[in-house]
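Here's a quick briefing to read alongside the model. Have the viewer open and follow along by topic.

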Amino acid sequence: MNLLEVINENAVAVNVKAQNKEEVFECVCDLLLKDSSITSKEEFKQDLYIRESQGKTGIGDGIAIPHGKSLAVKRNCISVLKLERPIQ
């Protein structure tokens with residue numbers, strides 16, 4: 001599978017004004033729900049937090065790759081957000 005085939009162009013956002021992880025998760029879930037890539041915002045968000053509790057997804061240099069397994073996922077894809085300002 002080609003990486004470009006899984007990047008969801010409808011779930012890419014730049015200059016996102018998120019103050020914390022909760023707001024980042026809200027934004028990505030909104031984008032994926034609007035695109036019909038997930039069936040439930042709340043279920044998917046909960047699964048992201050479950051995965052985060054097992055180990056941080058930050059990889060350094062301001063990059064994090066939150067992810068998780070979820071029954072709410074209808075289509076595997078990658079969403080990309082570029083924040084206006086970095087958060088911890």
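**A loop residue, a strand residue and a helix pair**

Let's start with Ile65, which sits in the loop between strand E3 (63-64) and strand E4 (78-83). Keep in mind that this is a predicted model. From that loop we'll go to Ala11 in strand E1, then on to the core and the H2/H3 crossing.

**Ile65, out in the loop**

- Ile65 comes out at 46% relative accessibility, so it counts as partly exposed; the buried label needs under 20% and the exposed label over 50%.
- Skip the neighbours within four places in sequence, and Ile65 is in contact with Thr57 and Ile59.
- Ile50 is 15 residues away from Ile65 along the chain, and their C-alpha atoms are 14 Å apart.

**Ala11, in strand E1**

- Is Ala11 buried or exposed? Its relative accessibility is 0%, so Ala11 is buried.
- Not counting residues up to four places away in sequence, Ala11 touches Leu31, Leu32, Ser79, Val80 and Leu81.
- One of those partners, Leu31, is 20 residues from Ala11 in sequence, yet the C-alpha to C-alpha gap is 5.1 Å.

**The largest nonpolar core**

- As background, nonpolar side chains in soluble globular proteins tend to be buried together.
- The largest nonpolar core here has 16 residues, and the members touching the most other members are Val16, Cys29, Leu32, Phe44 and Leu48.
- At least two residues of this core come from each of strand E1 (7-16), H2 and H3.
- H2 gives the largest share, with seven residues.
- Val16, one of the well-connected members, also has contacts beyond four places in sequence: Cys27, Leu81, Lys82, Leu83 and Glu84.

**How H2 and H3 pack**

- For a packed helix pair, the usual descriptors are the angle between the axes and the distance between them.
- The axes of H2 (residues 21-34) and H3 (residues 41-54) come within 10 Å and cross at roughly 135°.
- That angle makes H2 oblique to H3, since the roughly antiparallel label only applies over 145 degrees.
- As for handedness, the H2/H3 crossing is right-handed.
- On the H2 side, the contact uses Lys21, Glu22, Phe25, Glu26, Val28, Cys29, Asp30, Leu32 and Leu33; on the H3 side, Lys41, Phe44, Lys45, Leu48, Tyr49 and Glu52.
- What kinds of residues make up this contact? Eight are nonpolar, seven are charged and none is polar.

Methods
Residues are numbered from 1 along each chain as its sequence is written. This is a predicted model: local features need pLDDT of at least 70, side-chain atom pairs count only at pLDDT 80 or more; totals for chains, interfaces and linings use all residues. Side-chain values use heavy atoms; hydrogens and water are left out. Axes are lines fitted to C-alpha atoms, for helices over the stretch in contact, and angles run from 0 to 180 degrees between N-to-C directions. Helices (H or I, at least four residues) and strands (E, at least two) are DSSP runs, numbered from the N terminus. Angles under 35 degrees count as roughly parallel, over 145 as roughly antiparallel, 65 to 115 as roughly perpendicular and the rest as oblique. A crossing is left-handed if the near helix is turned anticlockwise from the far one by less than a right angle, and right-handed if clockwise. Contact means heavy atoms within 4.5 Å. Ala, Val, Leu, Ile, Met, Phe, Trp, Tyr, Cys and Pro count as nonpolar, Asp, Glu, Lys and Arg as charged, and the others, Gly among them, as polar. A nonpolar core is a set of buried Ala, Val, Leu, Ile, Met, Phe, Trp, Tyr and Cys residues joined through side-chain atoms within 4.5 Å. Buried means under 20% relative accessible area, exposed over 50%, partly exposed in between (1.4 Å probe, protein chains only).
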